[in-house]
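Visitor: I'm new to this structure and would like a close look at a single part of it: the empty spaces and what surrounds them. Could you walk me through that slowly?

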Amino acid sequence: MKDTPAWRALTAHRDALARQRIEALWRQDPRRGDDFTFPCGGIAVDFSKQKITRETLKLLMDLARARGVPHAIERLFAGERVNASEKRPALHMALRGDEHVSVDGTDVMPEIERNRDRIRVFTNAVRAGQWKGATGLKITHVVAIGIGGSVLGPQLAIEALHDRANGPEVRFIANIDPADFDDAVTGLKPASTLVVVASKTFTTQETMVNAAAARNWISAALGPDAVSKHFIGATANAGEAVKWGLPDCNVFPFHDWVGGRYSLWSSVGIPIALAIGMQGFDELLAGAHAVDLEFRSCPLERNVPVLLGLVGLWNRNALGIPSHAVLGYASRLASLPAYLQQLEMESNGKRVDAEGRPVGVETCPVIWGGTETPGQHAFHQWLHQGTDIASCDFIVSAKPMGNEIDHHRILLANALAQSEALMAGVETKEPWRVCPGDRMSTTFVLPQLDPRHLGALLAIYEHKVFVQATIWGINPFDQFGVELGKTIAGRILPALHGAEADLHPATRHLLGVLQKLGAPH
Ligand code: F6P
């Protein structure tokens, strides 16, 4: 990226612009609110509090073109093998659309539609009480087991759409910490509980150990034959799920070209459809699909995922901002930062490009965030007066998410106040009261927090990640960095059973400390 004339033009522009405050840009250009707010999937995205001008956007567009973003978008949607290291396409968009697309010469849409129909029939049957547990009881609770992309999306969606959740209550188990299992099943009756095991590989240690514990829990109460009435699997490895003991018809497959962190649109989303109904799940897909169509067809200048990616890259690489906070002004979006952490940091937390060469610039910033307004009484102090700067995304819903309209007015006033305060700051004689301001943010205004707009919001972020990856030259669809720790854990585990193990001295030392303090051995 650094060797393109477009990037050199951007750095020269940055040197001129860096001395100007965002406030000053507003004074010079009072129309920037309208001009820098763009619609996408029904969401209004306001970039006017970013340190950008029309010239910045023009130069960023030049960079996007120089780095082949339009062509990369076409390759993505055409089902080409954009995941080069794993030699796969990344076609999660097909799960929420109806456009025909071929992989290895086969149109994948008929199979996607068959899979979607199976999810519809199954989730309708469970919700209607036609699918019964082994003793004939209706399913009232679902325990969804998975980790990473196999749980973060469903958890976020079910929390965000809580007002639509009229099906069985869904609880999640992700952590191998035994407390997670115990807490999730506390108070549940095996006879009216359905367990959804979601794992792309069906081999992930945490998920499979938790799934085995759930199988013991069900079998101990209802006998081993009850598994077929109380377990289903969502996986790209149907063979492994059958080996594990699931009947074929309890396995809901998805394709291996659906990445884990892009899998909520597949059968991994079954807990969502169980909780809110298939109609709501369809609306979630439709919201994301609307964004796909815009991402694929809008000119770069009005293309929100492209703009979001470019503005993020501008903050990261031109202005040197190392962290990015996601501030959801919606208590039901409490899981959004965790979801985006996986989406952005597992995709673009990389130091070499797709050819293995150093990227040469900083890549994904630290993604973090919170639920507002509680975060205002915690870490916003750091945002306003800390020595580091974070760029922020504010997520707000125009319509209230509860019955007390006045609460919502206060919520909105706070959202608007925080982005203004971060930008404008305040000068006073007392240094401890000074807020330097000039902190940049983007505001997403959803008409309401419903399935359609949640789907749109998540798809906007997915495509943002792709745009940034394209410019950095990264393959965002693999995650080899997570393997090393898994391998070392495999070496350490025998030592926790008392066996001899070849351990690093630092690990042996800590193991000793743990065992002195009561760890099992
Ligand atoms: O640890 C990395 C990862 O592979 C994620 O990318 C994935 O979402 C998660 O583990 C779970 O994997 P699986 O769905 O195969 O259980």
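Guide: Let's start with the lining of the second largest cavity, which divides into 7 nonpolar, 3 polar and 1 charged residues. This is a predicted model, so keep in mind that everything here is computed from it. The residues around this cavity are L95, I112, N115, R116, I119, P253, F254, W265, S266, S267 and F281. Helix α6 (residues 109-128) supplies the largest share of that lining, with 4 residues. As for room inside, the second largest cavity holds about 90 Å³ of space.

How do you find spaces like this? Rolling a probe the size of a water molecule over the atoms shows where empty space is left. Searching the whole structure this way turns up 5 cavities of 30 Å³ or more.

The largest cavity contains about 150 Å³ of space. It is lined by 16 residues, and those closest to its centre are G312, N315, H324, S391 and K464. Three elements, α14 (304-318), β12 (390-397) and α18, each bring at least two residues to this lining. Among them, α14 has the largest share, 5 residues. Sort the lining of the largest cavity by class and you get 5 nonpolar, 7 polar and 4 charged residues.

Hang on to α18, since we'll meet it again. This helix covers residues 451-472. Its 22 residues should span 32 Å at 1.5 Å a residue, and its end C-alpha atoms do sit 32 Å apart, so the expected and modelled spans agree. Of those 22 residues, 21 are buried, so α18 is largely enclosed by the rest of the structure. Right after the helix comes G473, which has a positive phi, near 85 degrees.

Now for the open spaces, the pockets. The second largest pocket has a volume of about 480 Å³. Of its 24 lining residues, A354, A469, T470, G473 and I474 are the closest to its centre. So G473, the residue that follows α18, turns up here too. The elements that give two or more residues to this lining are α5 (69-77) and α18, and the largest share, 4 residues, belongs to α18. By class, the lining of the second largest pocket comes to 13 nonpolar, 5 polar and 6 charged residues.

Since α5 has come up, take a quick look at A78, in the loop between α5 and β3 (102-103). A78 is partly exposed, with a relative accessible area of 38%. Leave out its neighbours within four places in sequence, and A78 is in contact with V101 and S102. The C-alpha atoms of A78 and S102 are 7.6 Å apart, although 24 residues separate the two along the chain.

Next is the largest pocket, with a volume of about 900 Å³. It has 38 lining residues, and T201, T204, Q479, V482 and K486 are the closest to its centre. Two or more lining residues come from each of α9 (205-222), α15 (336-348) and α19. Of the elements, α19 gives the most, 4 residues. The lining of the largest pocket is made up of 12 nonpolar, 17 polar and 9 charged residues.

One residue to look at in α9 is N210. Is N210 buried or exposed? It is buried, because its relative accessible area is 4%, and the cut-off for buried is under 20%. The side chain of N210 reaches the backbone oxygen of N175 at 3.0 Å. Setting aside neighbours within four places in sequence, N210 is in contact with I145, I173, A174, N175, I176 and F181.

Let's finish in the loop between α18 and α19 (483-496), where you'll find D478. D478 is buried as well, with a relative accessible area of 8%. Its side chain makes a polar contact with the side chain of N475, at 3.3 Å. Not counting residues up to four places away in sequence, D478 touches N83, S85, E86, R261, E346 and K350. The loop that holds D478 joins two helices you have already met: α18, with the largest share of the second largest pocket's lining, and α19, which gives the most to the lining of the largest pocket.

Notes:
Residues are numbered from 1 along each chain as its sequence is written. This is a predicted model: local features need pLDDT of at least 70, side-chain atom pairs count only at pLDDT 80 or more; totals for chains, interfaces and linings use all residues. Side-chain values use heavy atoms; hydrogens and water are left out. Buried means under 20% relative accessible area, exposed over 50%, partly exposed in between (1.4 Å probe, protein chains only). A polar contact is a pair of N or O atoms within 3.5 Å; within protein, one must be able to donate a hydrogen and the other to accept it, and residues adjacent in sequence count only if both atoms are side-chain atoms. Contact means heavy atoms within 4.5 Å. On a 1 Å grid over the protein atoms alone, a cavity is a set of points where a 1.4 Å probe fits but cannot get out, and a pocket is an open set with protein on both sides within 12 Å along at least five of seven lines; lining residues have an atom within 4 Å of a point. Grid points are joined across faces, edges and corners, and a volume is the space filled by probe spheres set on the points. Ala, Val, Leu, Ile, Met, Phe, Trp, Tyr, Cys and Pro count as nonpolar, Asp, Glu, Lys and Arg as charged, and the others, Gly among them, as polar. The expected span of a helix is 1.5 Å times one less than its number of residues.
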